[in-house]
Amino acid sequence: MCGHARPPLELAAREIELHGLESVSFSLETPEGSTRVELQVPGLYNVYNALAAASLARALGASLATIAAGLVDFAAAFGRFERIQLDECSLLVLLIKNPAGANEVVRTLVAGGAPGLLLIALNDEIADGRDVSWIWDVDFEPLLGSLERLIATGERAAELALRFKYAGLSESAIEVVPSLDAALDRGLALTPPGAELISLPTYTAMLALRDLVARRGFVRPYWEEAA
């Protein structure tokens, strides 16, 4: 026996329930008691984020009730599971920027019912990272069971299209539209009224996408919303 062991948990999330692309709920257990929490953001990884926030709040002296209230009231930051209402449909923006985060987004999409149409934007600006080979470490394959059309856009749209071709998606199902403006229009044209277009942009593509819909009058610029 080496004597090394996992230390006792002071906080834990139990009885986790994923509610598709809408929310996730869990029992937050602490030495002071437990309470049920429903986050207004989906995904298992947001449970980890919630636990980290709860741990810090508890260390700073917040009560269990205060912690739970803060978690329930939390809303996603712009571009991170953000829904934007457009004319006849909505746009769901899910930031992807590395394999770990992208895999969690894929897992959440599959759990919520994988979409038939995806718009994915891949850039290679400094803020994104010049090396986009990380897309080969993302497990996109679980999406292919229902994916009927991929719109690949951004500065490295061709590489993204190649990744999905090697994943097994038919070439006829892949559209390469480097212009983000044109790609959004194409995605919206393929989205029925009342439905939702799901977009997975990298960081600078997300900023550009949000600026695009802001210029079209559907949302305020993110710096004004944060003010």
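Two strands count as paired if DSSP finds at least two bridges between them. In this predicted model, strand 4 (residues 80-85) and strand 5 clear that bar comfortably enough to start with: five bridges join them, and the two run antiparallel. The link between strand 4 and strand 5 is a hairpin, with four residues making the connection. Within the pairing, Q85 sits opposite S90 of strand 5.

Strand 5 also has a partner on another part of the chain. Four bridges tie strand 5 to strand 9 (residues 196-201), and here the strands run parallel. L91, for instance, stands opposite L197 of strand 9. As for cover, strand 5 (residues 90-94) is mostly tucked away, with five of its five residues buried. In a regular strand, side chains alternate between the two faces of the sheet. In strand 5 both faces are covered: S90, L92 and L94 are buried on one side, and L91 and V93 are buried on the other.

S90 deserves a closer look. This serine belongs to strand 5 and counts as buried because its relative accessibility is 11%, where the limit for buried is under 20%. Its side chain makes a polar contact with the side chain of E196, at 3.2 Å. E196 has a charged partner too: its side chain meets that of R83 in a salt bridge (2.6 Å, N to O). That pair links distant parts of the chain, with E196 in strand 9 and R83 in strand 4, 113 residues apart. Neither end of this salt bridge is buried: E196 is partly exposed because its relative accessible area is 27%, and R83 is partly exposed at 36%.

The count of salt bridges comes to 18. Another one of them joins the side chains of D124 and R156 (2.8 Å, N to O). This pair, too, links distant parts of the chain: D124 lies in the loop between strand 6 (117-121) and strand 7 (149-153), while R156 lies in the loop between strand 7 and helix 4, 32 residues apart. With a relative accessible area of 14%, D124 is buried. Elsewhere, E10, E32 and R58 are linked in a network of salt bridges.

Helix 6 supplies a salt bridge within a single element. D211 pairs with R215, and the closest N and O atoms are 2.9 Å apart. Both residues lie in helix 6, four residues apart, which is about one turn of the helix. D211 counts as partly exposed because its relative accessibility is 35%, whereas R215, with a relative accessible area of 59%, is exposed. Other parts of the helix are covered: the buried residues of helix 6 are T204, A205, M206, L209, R210, L212, V213 and A214. The length of the helix checks out as well. At 1.5 Å a residue, the 13 residues of helix 6 (residues 203-215) should span 18 Å, and the end C-alpha atoms are indeed 18 Å apart. Just after helix 6, G217 takes a positive phi of about 90°.

Back among the strands, strand 2 has a partner on either side in sequence. Six bridges join strand 1 (residues 12-19) to strand 2, running antiparallel, and A13 stands opposite L28 of strand 2. The hairpin of strand 1 and strand 2 has three residues between the strands, and in this hairpin G20 takes a positive phi near 55°. Strand 2 then pairs with strand 3 (residues 33-39) through seven bridges, again antiparallel. The turn here is a hairpin of two residues between strand 2 and strand 3, and the bridge partner of T30 in strand 3 is G33. Like strand 5, strand 2 (residues 23-30) is mostly covered, with seven of its eight residues buried.

Finally, the surface carries a nonpolar patch. W136, L162 and Y166 form it, with about 350 Å² of accessible area together. Of these, L162 lies in helix 4 (residues 157-167). L162 is partly exposed because its relative accessible area is 38%.

Terms used
Residues numbered from 1 in each chain as written. Predicted model: local features only at pLDDT ≥ 70, side-chain atom pairs only at ≥ 80, totals over all residues. Heavy atoms only, no water. Buried < 20%, exposed > 50% of the residue type's maximum accessible area, 1.4 Å probe, protein only. Expected span 1.5 Å × (residues − 1). Patch = residues over 30% accessible without salt bridge, like charges linked within 9 Å, V, L, I, M, F, W, Y side chains within 5 Å. Areas by Shrake-Rupley, 256 points an atom, 1.4 Å probe, with all protein chains shown as cover. Salt bridge = Lys/Arg side-chain N within 4 Å of Asp/Glu carboxyl O. Polar contact = N/O pair within 3.5 Å; in protein donor to acceptor, adjacent residues only side chain to side chain.
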